[in-house]
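User: I would like to go through this protein with you, starting with a few individual residues and moving on to the strands and the overall fold. Could you take my questions one at a time?

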Amino acid sequence: MKKLVVLSIIITMCISNKAKAQTIENLRDNIEAITKSKNAIVGLAIQGTNPEDTLSIRGTEHFPMQSVFKFPIALTMLSEIDKGNFSLDQKITISKNELLPTLWSPLREEYPEGGILSIANILRYTVMSSDNVGCDVLLRKLGGPIAVENYFHKRGFNDFEVKINEETMQNNWDMQFLNWTTPKEANNILKAFYENKENQLSHKNHEFIWNIMKETETGKTRLKGQLPKGTLVAHKTGWSGVNEETGISAAVNDIGIVFLPNGNYFYISIFITNSIEDTETNEKIIADIAKSAWDYFSSTEN
């Protein structure tokens with residue numbers, strides 16, 4: 001009798017595991033159905049807390065980050081703060097001539113004559129509001145884009161390059177491709193700095209960055225677009241705009257962590273490039289994929 005019970009348990013576990021494996025493949029099928037009819041290149045990586053819950057599509061290809069790179073810039077600055085080279089409450093003077101009119105900048109709208117801001121506030125503008133002026137101020141303090149690239153390369157994130165700042169990127173369409181990563185590497189960065197197993201950041205700065213990532217104001221119709229109301233998402237967006245001559249969008253991106261009702265979460269990084277779809281369609285692709293991932297992880301909750 002005991003043997004029959006044990007055998008029954010083993011069979012049940014095997015069936016359960018097989019069903020789950022089929023379900024992750026069903027998720028892949030659902031995502032491919034979302035993207036196949038679109039005139040766009042879509043790359044993505046999805047990873048749950050269970051290693052089996054992982055998939056990627058074009059996961060090792062290079063995609064321009066656009067403003068997604070403000071997240072690693074913030075991580076680099078927070079690392080320097082942990083080293084004692086800066087502090088969150090340190091004041092920085094931003095002069096009027098740094099408030100370039102061609103750059104997206106809520107900070108400039110708030111301080112049209114320039115002002116004195118703490119690094120913490122500049123980080124909030126840069127990450128939460130995707131402020132380009134604040135981004136370039138931080139890059140200058142860090143020693144330029146190469147400082148960010150070096151920080152991540154030294155930590156083993158090699159599918160990641162930062163060569164130019166926002167001013168250069170926004171004034172030359174082709175140069176945006178110099179700042180790139182892969183969907184898999186974006187997920188690797190999210191995972192490493194959220195789980196913080198190697199103490200990349202102090203507790204204070206870890207809490208700081210993830211709080212402002214959860215308060216991101218951009219991309220309301222991307223990762224969060226079709227998720228249940230109140231779903232917590234810590235994320236960073238990027239957008240190239242649309243090339244007026246070709247009608248092409250080089251980057252419509254969103255990377256982040258989606259938190260489930262039971263306390264679990266999953267990492268998701270979606271990059272869209274070379275798209276001739278309109279912005280609404282591009283953002284819906286991201287929202288549809290995120291919703292499919294949400295449905296999958298919700299259905300596999302224990």
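User: Is N274 buried, partly exposed or exposed?

Analyst: Please note at the outset that this is a predicted model. N274 has a relative accessible area of 42%, so it is partly exposed.

User: Where does N274 sit in the chain?

Analyst: N274 belongs to the loop between β10 and α10 (279-299).

User: And what is notable about the phi of N274?

Analyst: The phi of N274 is positive, about 50°, although the residue is not a glycine. Most residues other than glycine have a negative phi.

User: What about S130: which sign does its phi have?

Analyst: Phi of S130 is near 55°, a positive value in a residue other than glycine. S130 lies in the loop between α4 (119-128) and α5 (132-142).

User: Is S130 buried or exposed?

Analyst: S130 counts as buried, because its relative accessibility is 7% and the cut-off for buried is under 20%.

User: Let us turn to the strands. How many of the residues of β9 are buried?

Analyst: Eight of the eight residues of β9 (residues 252-259) are buried, so this strand is largely enclosed by the rest of the structure. V252, D254, G256 and V258 point one way, while N253, I255, I257 and F259 point the other way, and all are buried.

User: Which strands pair with β9?

Analyst: Strand β8 (residues 233-239) is joined to β9 by seven bridges and runs antiparallel to it. Strand β10 (residues 265-273) also pairs with β9 in the antiparallel sense, over eight bridges.

User: Which residues are bridge partners there?

Analyst: Between β8 and β9, V233 has V258 as its bridge partner. Between β9 and β10, D254 is partnered by I270.

User: How many residues lie between β9 and β10?

Analyst: Five residues separate β9 and β10, which form a hairpin. In the turn, G263 has a positive phi of about 100°.

User: Which residues of β4 are on its covered face, and which on its uncovered one?

Analyst: In β4 (residues 91-94), I92 and I94 make up the covered face, and K91 and T93 the uncovered one. β4 pairs with β5 (residues 115-118) in the antiparallel sense, over four bridges. I94 of β4 stands opposite G115 in β5.

User: In what order do the strands of the three-stranded open sheet run?

Analyst: The order is β3-β7-β6, and the pairing is antiparallel. β3 (63-64) and β6 (160-161) stand at the edges, each with a single partner strand, so one side of each is left without a neighbour in the sheet.

User: How many bridges join β3 to β7?

Analyst: Two bridges join β3 to β7 (residues 180-181). P64 stands opposite W180 in β7.

User: Staying with W180, is it buried or exposed?

Analyst: W180 is buried, with a relative accessible area of 10%. Leaving aside neighbours within four places in sequence, W180 is in contact with H62, F63, P64, M65, N158, D159, F160 and E161.

User: How far apart are W180 and N282?

Analyst: W180 and N282 are 102 residues apart in sequence and 19 Å apart in space, C-alpha to C-alpha.

User: And L55: where is it, and is it buried or exposed?

Analyst: L55 is part of strand β2 (residues 54-57). At 4% relative accessibility, L55 counts as buried.

User: What does L55 touch?

Analyst: Not counting residues up to four places away in sequence, L55 touches I24, L27, R28, I31, L44, A45 and I46. L55 and I268 are 9.9 Å apart in space, C-alpha to C-alpha, with a separation of 213 residues in sequence.

User: Now the whole molecule. How many helices and strands are there?

Analyst: The protein has 10 helices and 10 strands. Its radius of gyration is 21 Å, close to the 19 Å that the globule rule gives for 302 residues, so it is as compact as a globular protein of that length. The C-alpha atoms fill a box of roughly 80 × 45 × 35 Å along the principal axes.

User: What share of the residues is buried?

Analyst: Of the 302 residues, 53% count as buried. The accessible surface comes to about 14200 Å², and 50% of that belongs to carbon and sulfur atoms.

User: Last, how many charged side chains of each sign are there?

Analyst: There are 31 positive and 37 negative side chains, and the centres of the two sets lie 7 Å apart.

Key. Residues numbered from 1 in each chain as written. Predicted model: local features only at pLDDT ≥ 70, side-chain atom pairs only at ≥ 80, totals over all residues. Heavy atoms only, no water. Pairing = 2+ DSSP bridges. Rg over C-alpha atoms; globule rule 2.2 N^0.38 Å. Buried < 20%, exposed > 50% of the residue type's maximum accessible area, 1.4 Å probe, protein only. Areas by Shrake-Rupley, 256 points an atom, 1.4 Å probe, with all protein chains shown as cover. Lys, Arg positive; Asp, Glu negative; His and termini not counted. Charge placed at Lys NZ, Arg CZ, Asp CG, Glu CD. Contact = heavy atoms within 4.5 Å.
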